[in-house]
Amino acid sequence: MSGEERLARLTDMAYRSELARIEALAATERRLKRYLEELNDLGAVSDPDTALNMGLSSFDRGWQRWKAMKRAETNLRLAEIRARKAQAAAALHRALARNDVAQGLRDHARRVKAREATLKQMETLQDQALLAALSMRR
């Protein structure tokens, strides 16, 4: 295996690794969004101040505060995941570019080898034709 082949294989593996990382982050993002939706479905009052204005019991106000805290934590975690996903997307883009270059180098090396083999074959055929012509003269 040539150096170009190894480079193409290595960059392809790096690209696949970055792609898997983005897919894992996207799955985490989906889970957090679902959790946020479930929190929203637990009750209509999302703001503790609204709960106070509605005259809810202290248990209800505590429940609403807990939900608001969990919602804030989830939104913060979701923002972190989205930032990491954006960084991973940039890394994926770079990995794709490196992979394209490596594959281009590999393909070029293959074309050069094929051209050299064709030239060598043509030289061999010319040599054989020359030998045949010389043997016919004798």
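This is a short tour of the structure above, one selection at a time.

**Before you click**

You're looking at a predicted model, where local features need pLDDT of at least 70, side-chain atom pairs count only at pLDDT 80 or more, and totals for chains, interfaces and linings use all residues. Residues are numbered from 1 along each chain as its sequence is written, and side-chain values use heavy atoms, with hydrogens and water left out.

**Stop 1: the whole protein**

Switch to cartoon view. What does the secondary structure come to? Three helices and zero strands, running α-α-α from the N terminus on. Here helices (H or I, at least four residues) and strands (E, at least two) are DSSP runs, numbered from the N terminus.

Now colour by burial. Of the 138 residues, 21% count as buried; buried means under 20% relative accessible area, exposed means over 50%, and partly exposed is in between (1.4 Å probe, protein chains only). Contacts are worth a look too, a contact being heavy atoms within 4.5 Å. Among contacts between residues at least 6 apart in sequence, 81% join residues at least 24 apart.

**Stop 2: helix 1 beside helix 3**

Select residues 3-41 for helix 1 and residues 58-137 for helix 3. Put your ruler on helix 1 first: at 1.5 Å a residue, its 39 residues should span 57 Å, and its end C-alpha atoms are 57 Å apart, which agrees. (The expected span is 1.5 Å times one less than the number of residues.)

How do the two helices pack? They meet at an angle of about 160 degrees, with their axes 7 Å apart. That makes helix 1 roughly antiparallel to helix 3. Axes are lines fitted to C-alpha atoms, for helices over the stretch in contact, and angles run from 0 to 180 degrees between N-to-C directions. Under 35 degrees counts as roughly parallel, over 145 as roughly antiparallel, 65 to 115 as roughly perpendicular and the rest as oblique.

**Stop 3: the buried residues of helix 1**

Show side chains on helix 1. Its buried residues include A8, T11, E18, I22, L25 and L36. Helix 3 is part of what covers the buried residues of helix 1.

**Stop 4: L25**

Zoom in on L25, in helix 1. Buried or exposed? At 6% relative accessibility, L25 counts as buried. Leaving aside residues up to four places away in sequence, L25 touches I81, R84, K85 and A88. Try a distance between C-alpha atoms: L25 and I81 are 56 residues apart along the chain, yet separated by 6.5 Å.

**Stop 5: N99**

Jump to N99, which is found in helix 3. N99 has 5% relative accessibility, so it counts as buried. Which residues does N99 touch, not counting those up to four places away in sequence? A8, T11, D12 and Y15. Look back at helix 1 and you'll find A8 and T11 among its buried residues.

**Stop 6: E4**

Next, select E4 in helix 1. With 31% relative accessibility, E4 counts as partly exposed. Its contacts, not counting residues up to four places away in sequence, are A102, L105, R106 and A109. Add R110 to the selection: 106 residues separate E4 and R110 along the chain, while their C-alpha atoms are 9.2 Å apart.

**Stop 7: A72**

Finish at A72, back in helix 3. A72 is partly exposed, at 47% relative accessibility. Draw one last line, from A72 to L36: C-alpha to C-alpha they are 9.5 Å apart in space, and 36 residues apart in sequence.
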